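Student: Please take me through a single part of this model in detail, a central strand and what surrounds it. I want pairing, burial and contacts, with the cut-offs behind each term.

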Amino acid sequence: MKFTPTKYQLKNVVDGHIFSDCGWTLADPDSPSMSLVRAVYKQKKFSPREDLDGIYRYAEWLPVSRVLKKSCAPVTYKSKGLAKHLGLENLYITFSGYNPKIGAKMETCSFKETEAFSVCGRLPKDSDQVLVVQSAGNTARAFAQVCSDNNIPIVICVPVDNYHDLWFRKKLNSCVKMLATPAGSDYYDAIMLGDKICQSPRFFAEGGAKNVARRDGMGTTLLSAVEVIGRIPDAYFQAVGSGTGAIAVWENNLRLIEDGRFGSHKMKLFVSQNSPFTLIYDSWKAHSRELVSLTPEQSRRDAEVILAKVLSNRKPPYSIQGGLFDALEDTGGDVFKVCNDDIVRWMLMYRNLEGYDIFPAAATAVASLSQAVENGQVKKDEVIMLNITGGGSLAAQSRGYFVKEPDLIIDPELPAEEIISMVESLFDNQPGLFGGNKEARQEARAKRVARRNASCKSTGKSQK
């Protein structure tokens, strides 16, 4: 199926400036201040595509230029077990994970597949550069699987302490390279590593929350819910590390209001974090647009303690114009915090009530919903959307899996040139990359080896 680049433009959230996407635009080049940019689609009506499968069913509101293999969409259904337990009349669960009984077939078991299929669908088909993604775990697994299945070269940076999350059902394509930051590091260290790699023109950053494809991919969770419910929910619950998913559904909420057929209201965004890593919670409760102070040392200690490791982002898109602070403010939302004991309790209870296992991050959202019911922040007859962002790993892993070991463990404090040299060497046998032929790649490799040998000689180390 063909897509045209004129199907959307980009808009600066601050001043409304509309401009064209040059292919991988992450910000308004003419803006004097930092702001997210938002996709403005030519198709103003919510129009799921019957001719496309998986997440590409929502292609009219995705900034994609191609369809990739093996995509799946989130599944929404009306809850019975959890709804009855909480006394809720209209609780809808949007599940992104693996549970074939309800039609959910995301084999990485995470809603991060929604962003991976959207981001990679935005990529130029014949690029000679390599995509770089930084992750705390679930994003890494999703991008690795999608890129492996579709032969898209990628470098993924993850803290080595989170490597237990990097399980796959089969061996990955060699186009996928996994890098780890050392023991005791956190997600921000992985971000720093990726940023240094992207100082080379041979690599380019995925962009995180600034990438409209990432946000609009994640926003398909709301589209799935509205298809089933027939209207915009009154309240929305999700656990957050960066808050990008919450920003995404807020943006799709605004598009649905413009459509006019699904309501004119903004659903309240209720997001949650795993204590003691509560950067967003603490900032919101102080009603501060700026993030409260958090030292790298404290961040790493808190990240080690929490069960939901994927919720440990110390540089979330909270303060930026159009970011999480604005989303919470605009919708009258709130932020909750949940301790490890409550996460474990709700993981067990949810499995008994709904029939499948969920990840700690998803249990964090369930616990926050329980808190909101108890303190009266939601009414029992309101239409509530609970975004269960991952689960079904017990069923998926029962079919067999293996853990992907890192290709390299790299200290992000090393000089960028040294890091780039090491990472480039991983792609020496990948044809078509870096704009060179086989001879050019071999010459570049020889130069890298010479540089490393010279460096080792000056420090007295040996180099094989």
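Tutor: Start at one bridge: Ala 180 has Ile 409 in β18 as its bridge partner. Ala 180 belongs to β11, one of whose faces carries it together with Val 176 and Met 178. The element names come from DSSP runs, helices being H or I over at least four residues and strands E over at least two, numbered from the N terminus.

A word on the source. The model is predicted, so local features need pLDDT of at least 70 and side-chain atom pairs count only at pLDDT 80 or more, while totals for chains, interfaces and linings use all residues. Numbering runs from 1 along each chain as its sequence is written, and side-chain values use heavy atoms, without hydrogens and water.

Now the pairing. β11 and β18 run parallel and are joined by two bridges. Two strands count as paired if DSSP finds at least two bridges between them. With β9, the parallel pairing of β11 extends over six bridges. Here β9 covers residues 154-159 and β11 covers residues 176-181. Two positions fix the register: Val 155 is opposite Lys 177 in β11, and Cys 157 is opposite Leu 179.

Step back to the sheet. It is open, has five strands and follows the order β12-β8-β9-β11-β18, with parallel pairing. Its edges are β12 (203-205) and β18 (408-409); each has a single partner strand, so one side of each lacks a neighbour in the sheet. In that order, β11 sits between β9 and β18.

Helix α3 (138-150) lies across three strands of the sheet: β8 (130-134), β9 and β11. The helix runs at about 160 degrees to β9. Axes are lines fitted to C-alpha atoms, for helices over the stretch in contact, and angles run from 0 to 180 degrees between N-to-C directions.

Is β11 covered or open? It is mostly covered, with six of its six residues buried. Buried means under 20% relative accessible area, exposed over 50%, and partly exposed in between (1.4 Å probe, protein chains only). Burial applies to both faces: Val 176, Met 178 and Ala 180 on one, Lys 177, Leu 179 and Thr 181 on the other. Note that Lys 177 is among the buried residues.

Take Met 178, a residue of strand β11. Its relative accessible area is 0%, which means it counts as buried. Its C-alpha atom is 6.0 Å from that of Val 155, which lies 23 residues away along the chain. Beyond neighbours within four places in sequence, Met 178 contacts (heavy atoms within 4.5 Å) twelve residue positions' worth of named partners, including Ala 140, Ala 144, Ile 156, Tyr 163 and Leu 166. Ala 140 and Ala 144 fall in the range of α3. Further partners of Met 178 include Phe 168, Leu 172, and the run Lys 404, Glu 405, Pro 406, Asp 407 and Leu 408. Leu 408 belongs to the edge strand β18.

Past the end of β11 comes a loop leading to α4, and Asp 186 sits in it. Asp 186 counts as buried because its relative accessibility is 2%. Its C-alpha atom is 7.7 Å from that of Ala 136, although the two are 50 residues apart along the chain. Setting aside residues up to four places away in sequence, Asp 186 touches Pro 159, Thr 181, Ser 299, Arg 300, Ala 303 and Arg 314. Pro 159 is in β9 and Thr 181 in β11.

For a second covered strand, look at β16 (residues 383-388). There too, six of six residues are buried. One face holds Val 383, Met 385 and Asn 387; the other holds Ile 384, Leu 386 and Ile 388. β16 runs parallel to β5 (residues 90-95), joined by six bridges. Thr 94 stands opposite Asn 387. β13 also pairs with β16 in the parallel sense, over three bridges. Phe 237 has Leu 386 as its bridge partner there.

Last, the cysteines. The whole structure contains zero disulfides, taking one as a pair of cysteine sulfur atoms within 2.5 Å. For Cys 72, the closest cysteine sulfur is that of Cys 109, 11 Å away and too far for a bond. Cys 72 is buried at 16% relative accessible area, whereas Cys 339 is partly exposed at 33%.

Terms used. Contact = heavy atoms within 4.5 Å.
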